[in-house]
Amino acid sequence: MSPALAYNGLALDRVPGRRDAPEWIAAVLARPASRVIPFWRDGCLVRDLAGPRPVVLGAQEAAAVLKHAALCVFLGLDGEAGVFAADLSGLDRAEALTLARATDVLDVRRLVASLDAALASTLALGRGLLRWNREQQFCGACGQPAESERGGVQRRCTGEGCCRLLFPRIEPAVITLVESPGEPRRCLLARHTQSVSGTYALLAGFVEIGESLEDAVRREVAEETGVRIGGVRYLASQAWPFPAGLMVGFRARAVTEAITVDPSELEEARWLGRAELADYLSRHHGRGDSIESFLVSSWLAEGD
Ligand SMILES: [Zn+2]
């Protein structure tokens, strides 16, 4: 069974079969039960209702937001109701707050602990899709403007003789819990030079062109720590549109133990047994929304 990871399990029907009809999407937007979620530069516009809550407008009350939005994308259907995300990034912050009758702008990662799973994944999708549309204004091949199509899930170059279709690019990254050879098993953790918190984390990195996920796991671990690994096992993946990621989680078994860190990447790496790791985590609370928490907690739960 898949673990319940934040941002996974979108509950909306993306309706791929009907997106070619802009008039149908417009009719869905006009349905009384449809909803519009305004965003401002990757952030959710929020109101303080005994804690920040993301603004979600009914179709009728969204007219002003839609009028000023640079783009409105169709996220999908919730029953008969359409769910849309509107981009107010072209306005200044105060204007966006006023239009959405919001009190603040907060990233979905700051809100996720107070959101149900369906809303968290919807907000993550809206953030990612609007960001991609904002940053894909032009064709990378010929430099001409590209126009949004199919409710914002693709763009098309307007350049004569080009007309290239542009799709959201996902950037996969691997994150791995590496177990030591021998018993009792320990796991490999590292402190990154770029880490703001200075805490230990699992090894992770982006997949490169021409590389399988398993190859990326082996390369990242070897590059950063000098540890060689043998078997690599896929555990779970997580939608990570911050801005365009897909986190793919693995368990791997090391065949060597000696650590030589790459000083440009890591301050330090070390092996921690389960008791040491549990003690460390009890004193340092990391971000609970990433797949890293699942990889670590499931390993701890297995016991020695
Ligand atoms: Zn083009």
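Hi everyone, let me start with tryptophan 132, which sits in helix 5. Keep in mind throughout that this is a predicted model. Is tryptophan 132 buried or exposed? At a relative accessible area of 11%, tryptophan 132 is buried. If we set aside neighbours within four places in sequence, its contacts are Gly152, Val153, Gln154, Arg155, Leu166, Phe167, Pro168 and Arg169. Take arginine 169 from that list: the C-alpha atoms of tryptophan 132 and arginine 169 are 8.0 Å apart, with their positions 37 residues apart in sequence.

Let me step back to the whole chain for a moment. We have eight helices and 17 strands here. The chain has 304 residues, and 44% of them are buried. Along the principal axes, the C-alpha atoms fill a box of roughly 65 × 55 × 35 Å. Looking at contacts with a separation of 6 or more, 64% of them come from residues 24 or more positions apart.

Now to the cores. The largest nonpolar core holds 44 residues, and the members that touch the most others are Tyr7, Leu75 and Leu123. Which helix gives the most to this core? That is helix 5, with eight residues. Leucine 123 makes a nice example: beyond its neighbours within four places in sequence, leucine 123 is in contact with Ile37, Phe39, Cys44, Pro54, Val108 and Leu115. There is also a second, separate core of 24 residues, and among its members are Ile25, Phe74, Phe84 and Leu99.

On to the metal, which I suspect many of you have been waiting for. Which residues coordinate the zinc ion? Four cysteines do, each through SG: Cys139, Cys142, Cys157 and Cys162, at 2.2 to 2.4 Å. The angles among the four donor atoms run from 94 to 115°, and the site is tetrahedral. Written as a spacing pattern, the donors read C-x2-C-x14-C-x4-C. Cysteine 142 is in the loop between helix 5 (117-135) and strand 8 (146-149), while cysteine 162 is in the loop between strand 9 (154-157) and strand 10 (165-166), so this pair ties together parts that are 20 residues apart in sequence.

How accessible are these cysteines? Cysteine 139 is buried, at 4% relative accessibility. Cysteine 142 is partly exposed at 35%, and cysteine 162 is partly exposed at 26%. As for disulfides, a search of the whole structure finds zero.

Staying by the zinc ligands, have a look at glutamine 144, in the loop between helix 5 and strand 8. Glutamine 144 is partly exposed, with a relative accessible area of 37%. Not counting residues up to four places away, glutamine 144 touches Gln137, Phe138, Cys139, Cys157, Thr158 and Gly159. Two of these, Cys139 and Cys157, are zinc ligands. In contrast to the tryptophan pair, glutamine 144 and alanine 190 are 46 residues apart in sequence and 44 Å apart in space, C-alpha to C-alpha.

Next comes serine 89, in the loop between strand 6 (81-87) and helix 3 (93-99). Serine 89 is buried, at 10% relative accessibility. What does its side chain make polar contacts with? One partner is the side chain of aspartate 87, at 2.4 Å, and another is the side chain of arginine 134, at 3.2 Å. Leaving out residues up to four places away, serine 89 touches Phe39, Trp40, Arg41 and Arg134.

I'll finish with some backbone details. Most residues other than glycine have a negative phi, and most peptide bonds are trans. With that in mind, aspartate 42 has a positive phi, near 75°. Aspartate 42 lies in the loop between strand 1 (35-40) and strand 2 (43-48), and is buried at 15% relative accessible area. Alanine 50 also has a positive phi, near 55°, and is found in the loop between strand 2 and strand 3 (52-54). Is alanine 50 buried or exposed? Alanine 50 counts as exposed, at 90% relative accessibility.

Then the cis peptide bonds. One joins glutamate 183 and proline 184, with omega about -15°, and proline 184 lies in the loop between strand 11 (171-179) and strand 12 (187-192). Another runs from phenylalanine 242 to proline 243, with omega near 10°. Proline 243 is in the loop between strand 15 (229-240) and strand 16 (245-254). Thanks for listening!

How values were computed: Residues are numbered from 1 along each chain as its sequence is written. This is a predicted model: local features need pLDDT of at least 70, side-chain atom pairs count only at pLDDT 80 or more; totals for chains, interfaces and linings use all residues. Side-chain values use heavy atoms; hydrogens and water are left out. Donors are N, O and S atoms within 2.8 Å of the metal (3.2 Å for Na, K and Ca); water is not among the atoms, so sites may look incomplete. Four donors count as tetrahedral if all angles lie between 85 and 135 degrees; four count as square planar and six as octahedral if opposite donors are over 155 degrees apart and all others between 65 and 115; anything else is irregular. Helices (H or I, at least four residues) and strands (E, at least two) are DSSP runs, numbered from the N terminus. Buried means under 20% relative accessible area, exposed over 50%, partly exposed in between (1.4 Å probe, protein chains only). A nonpolar core is a set of buried Ala, Val, Leu, Ile, Met, Phe, Trp, Tyr and Cys residues joined through side-chain atoms within 4.5 Å. Contact means heavy atoms within 4.5 Å. A polar contact is a pair of N or O atoms within 3.5 Å; within protein, one must be able to donate a hydrogen and the other to accept it, and residues adjacent in sequence count only if both atoms are side-chain atoms. A disulfide is a pair of cysteine sulfur atoms within 2.5 Å.
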